[in-house]
Amino acid sequence: MAVNLKLSSKDVKSSLKAPINLQYIPASIGGDGPANLEQFFTPYTETQPDGTLRNALRGYPLQGKVTTLSEGYTGVMFQETKKPLSADDDRTLTFAGAFRDFTYWNYDRNPSRNDPLAKALTWLQLSEVLHDDADEQDVKQEQTDGTKNGH
């Protein structure tokens, strides 16, 4: 089975000009399309003195915060419009929107660095540092300085 992604950089850039109101909620809902957040969710979101957000979903309390992706990263959403007939069939996902920030919600506790999503976003930064090519000039300079000092 192959997964095909349909998107273009033009679509991403265009989508970022009119950002979407993305909410990441730890719930399983029997739908996968747009929701009318402006009418049924956003008006009930309260900002707390510490900057966190409060709301509820079907009576369950939610604690949230706005999360911004690291510089240089853009999140993209895809939507599958035609479900495959079997698990072995190829799947095609179509670009549905792009974002640089989103609201992250937890049930009954404030989002923290210990949440799986926050840890995954931290790995992006750590991976960048680990895989960054060291400036060859800096390395050569350090080697030269070490030789001059008798090391």
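Okay, so let's start with the aromatics: the count here comes to 4 aromatic pairs. Keep in mind that this is a predicted model. I'll go through two of the pairs, beginning with Y24 and Y104.

How are the rings of Y24 and Y104 arranged? Their centres sit 5.6 Å apart and the planes make an angle of 25 degrees. Stacked means planes under 30 degrees apart, so this pair is stacked. What I like is where the two partners come from. Y24 belongs to strand β2, residues 23-24, while Y104 is in strand β8, residues 101-107. That's 80 residues apart, so the pair links distant parts of the chain.

Now, are those two tyrosines buried or exposed? Well, Y24 has 42% relative accessibility, so we call Y24 partly exposed. Y104 has just 6%, and that makes Y104 buried.

Next pair: F99 and F102. Here the ring centres are 5.9 Å apart, but look at the planes, which are at 80 degrees. Edge-to-face is anything over 60, so that's what we call this pair. And as for accessibility, F99 and F102 are both buried.

Last stop, away from the rings: R58. Where is R58? You'll find R58 in the loop between β4, residues 53-57, and β5, residues 60-68. Take a look at the backbone there, because phi of R58 is near 50 degrees, and that's a positive value in a residue that isn't glycine. With 71% relative accessibility, R58 counts as exposed.

How values were computed
Residues are numbered from 1 along each chain as its sequence is written. This is a predicted model: local features need pLDDT of at least 70, side-chain atom pairs count only at pLDDT 80 or more; totals for chains, interfaces and linings use all residues. Side-chain values use heavy atoms; hydrogens and water are left out. Rings of Phe, Tyr and Trp (its six-membered ring) pair if their centres lie within 6.5 Å; planes under 30 degrees apart count as stacked, over 60 as edge-to-face and the rest as tilted. Helices (H or I, at least four residues) and strands (E, at least two) are DSSP runs, numbered from the N terminus. Buried means under 20% relative accessible area, exposed over 50%, partly exposed in between (1.4 Å probe, protein chains only).
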